[in-house]
Amino acid sequence: MPDSDAWYDDDAGRMVRSYALTGGRTPDAAINLDRATQVVATLADTGRSAASTPEHEAILERCGAPQSMAELSAGLGLPLGVIRVLCSDLLEHGSLARSRMVQPRDRDILEAVLAGLNRL
């Protein structure tokens, strides 16, 4: 295994360009992952490893609980565009799923929250 310290410099940071991490790919507009989109790891096993890079593996490790694209970007120290491409790979593989956010349906709850915010 190559020495990972050779690809990191304390002053410069990561020495591998973002386009190298994604193979020059850009986020797929059809998948539409914005910074607030939350993803969570699935238990799907299709017989081949989805974690083809250390970055894919790091995303899967962090996504035991739902994580937003912004949280993943900050936590892994990678640009948001790179996170979106890598998460797209994992979504297509079935190793990640979009997390469904719970939407309050009771108007009284929403009005109480609004009233509380207005009091601030």
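**Packing of helices H2, H3 and H4**

Helix H2 (residues 54–62) packs against helix H3 (residues 69–76) at an angle of about 120°, and their axes lie 11 Å apart. The model is a predicted one. Angles from 65 to 115 degrees count as roughly perpendicular, and those over 145 as roughly antiparallel. H2 and H3 are therefore oblique to each other. The crossing of H2 past H3 is right-handed. On the H2 side, the contact is made by Ala58, Ile59 and Arg62. H3 contributes Leu72, Gly75 and Leu76. By class, the residues of this H2–H3 contact comprise four nonpolar, one polar and one charged. Arg counts as charged, and Gly as polar.

A second packing pair joins H3 to helix H4 (residues 80–93). The axes of H3 and H4 come within 9 Å and cross at roughly 115°. H3 and H4 are therefore roughly perpendicular to each other. H3 passes H4 in a crossing that is right-handed. From H3, the contact draws on Met69, Ala70, Leu72, Ser73 and Leu76. Leu80, Ile83, Arg84 and Cys87 make the contact from H4. Seven nonpolar residues, one polar and one charged make up the H3–H4 contact.

H3 takes part in both pairs. Leu72 and Leu76 of H3 appear in the contact with H2 and again in the contact with H4. Both crossings are right-handed.

Methods: Residues are numbered from 1 along each chain as its sequence is written. This is a predicted model: local features need pLDDT of at least 70, side-chain atom pairs count only at pLDDT 80 or more; totals for chains, interfaces and linings use all residues. Side-chain values use heavy atoms; hydrogens and water are left out. Axes are lines fitted to C-alpha atoms, for helices over the stretch in contact, and angles run from 0 to 180 degrees between N-to-C directions. Helices (H or I, at least four residues) and strands (E, at least two) are DSSP runs, numbered from the N terminus. Angles under 35 degrees count as roughly parallel, over 145 as roughly antiparallel, 65 to 115 as roughly perpendicular and the rest as oblique. A crossing is left-handed if the near helix is turned anticlockwise from the far one by less than a right angle, and right-handed if clockwise. Contact means heavy atoms within 4.5 Å.
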